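The following exercises are to be worked with the sequence and the structure at hand. Each task is followed by a solution in steps.

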Amino acid sequence: MADDGANGSTPHSSASSLSPSRAGDFLTCPLLYRFRVIDRLPEPPSPAAARGTLVHAVLEHLFDQPAAGRTPEAARSLLGPEWDRLLAAEPALAGLFAAEEDRVSWLEEAGTMLDRYFTLEDPRRLEPAHRELCVEAELASGLRLRGYIDRLDVAPGGEIRIVDYKTGTAPPAEFEARALFQMKFYALVLWRAQGTLPRLLQLIYLGNGEIVRYQPDEADLRATERKVEAVWQAIERARADRDWRPRPGRLCDWCAHKPICPAFGGTPPPLPEPEAVPVPAGQQPCAPDQEPSLLDLA
Ligand code: SF4
């Protein structure tokens, strides 16, 4: 891999680190990236994000059961305990619902997504190699990539399938490339970390019951690497110029920072001085991202 990363990029500092969610934020809107990574503005929990976390937790722990026990009923029975666990970890979630019936109908929607999962896959026939796998790799330029993979399946012949659950609906054509970019990002990290090219990328949309599959090849992942480097260079340019422009679009309706966004008449807080910006938890090696990308919510 002598030419790896030989793309004319400048070397990066050891603190340089990028996840697919934060790369997606910058591509969606540089100001959103700033609010999340530079300002570290808190975001109130939202029912959509919390439901995504809950459904992911259930699907992760469903595979703790022996294969024969991975039934729709078993999945639904995990909703209550997993919700209690999330509440204990983040008590603010308790304020998500004004009335008990709101919570019940929200929980029912999560149950419907789990039922839909069983129309797409039979987990009794699967034995994942990893769940919620943290992957990291350092590119030749010094840029560190990291991410959490929902599920990694490895066939007896060694072929790798990367699986990602989405609780939204499959995106329209103009956003599908963005969703696949996230998957190619994971594939790139695995390839660079382990030297094995994943055979299949699989996005499971539980909002509408669709599966998107993609077979990456080496040229794909090299192109992804160039794109990731270009995104990071654009981020570093914005950081140096202190220029984080809003890029309004369809996903603004999902943005917690709309009230302070100048594109909607708001006023952002003063930009912190560079020395006042710690390396945020979401940028440290293999810490999970605190916030999902807006694409995951829409
Ligand atoms: S509201 Fe839209 S334009 Fe403004 S910060 Fe959020 S995503 Fe960017």
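**Exercise 1. In what order do the elements of the protein chain run from the N terminus on?**

Solution. The model is a predicted one, in which local features need pLDDT of at least 70, side-chain atom pairs count only at pLDDT 80 or more, and totals for chains, interfaces and linings use all residues. Residues are numbered from 1 along each chain as its sequence is written.

Step 1. Helices (H or I, at least four residues) and strands (E, at least two) are taken as DSSP runs and numbered from the N terminus.
Step 2. The protein chain has 8 helices and 6 strands.
Step 3. Their order from the N terminus is β-α-α-α-α-α-β-β-β-α-β-β-α-α.

**Exercise 2. Describe the burial of helix H1 and its packing against helix H6.**

Step 1. A residue is buried if 20 or more other C-beta atoms lie within 10 Å of its own, exposed if 12 or fewer, and partly exposed in between, with C-beta atoms placed from the backbone. In the protein chain, 33% of the 298 residues are buried.
Step 2. In H1, 8 of the 9 residues are buried, so this helix is largely enclosed by the rest of the structure. The buried residues are Pro 20, Ser 21, Arg 22, Ala 23, Gly 24, Asp 25, Phe 26 and Thr 28.
Step 3. Axes are lines fitted to C-alpha atoms, for helices over the stretch in contact, and angles run from 0 to 180 degrees between N-to-C directions. The axes of H1 (residues 20-28) and H6 (residues 173-194) come within 10 Å and cross at roughly 145°.
Step 4. Contact requires C-beta atoms, placed from the backbone, within 7 Å. Pro 20, Ala 23, Gly 24 and Leu 27 of H1 meet Arg 178, Gln 182, Phe 185 and Tyr 186 of H6.
Step 5. Ala, Val, Leu, Ile, Met, Phe, Trp, Tyr, Cys and Pro count as nonpolar, Asp, Glu, Lys and Arg as charged, and the others, Gly among them, as polar. By these classes, the contact of H1 with H6 has 5 nonpolar, 2 polar and 1 charged residues.

**Exercise 3. Characterise the packing of helices H3 and H4.**

Step 1. H3 (residues 47-62) and H4 (residues 72-89) pack at about 120°, their axes 9 Å apart. H3 is therefore oblique to H4; angles under 35 degrees count as roughly parallel, over 145 as roughly antiparallel, 65 to 115 as roughly perpendicular and the rest as oblique.
Step 2. On the H3 side the contact is made by Thr 53, Leu 54, Ala 57, Val 58, His 61 and Leu 62, and on the H4 side by Ala 74, Ala 75, Leu 78, Leu 79, Glu 82, Trp 83 and Leu 86.
Step 3. This contact has 10 nonpolar, 2 polar and 1 charged residues.

**Exercise 4. Is Arg 51 buried or exposed, and which residues is Arg 51 in contact with, leaving aside neighbours within four places in sequence?**

Step 1. Arg 51 is placed in helix H3.
Step 2. Arg 51 has 21 C-beta neighbours inside 10 Å and therefore counts as buried.
Step 3. Beyond its neighbours within four places in sequence, Arg 51 contacts Trp 106, Glu 109, Ala 110 and Thr 167. The C-alpha atoms of Arg 51 and Thr 167 are separated by 7.8 Å, although the two residues are 116 residues apart along the chain.

**Exercise 5. Where is Glu 127 found, and is Glu 127 buried or exposed?**

Step 1. Glu 127 is in the loop between helix H5 (100-120) and strand S2 (130-138).
Step 2. With 10 other C-beta atoms within 10 Å, Glu 127 is exposed.

Technical notes:
Two residues are in contact if their C-beta atoms, placed from the backbone, lie within 7 Å.
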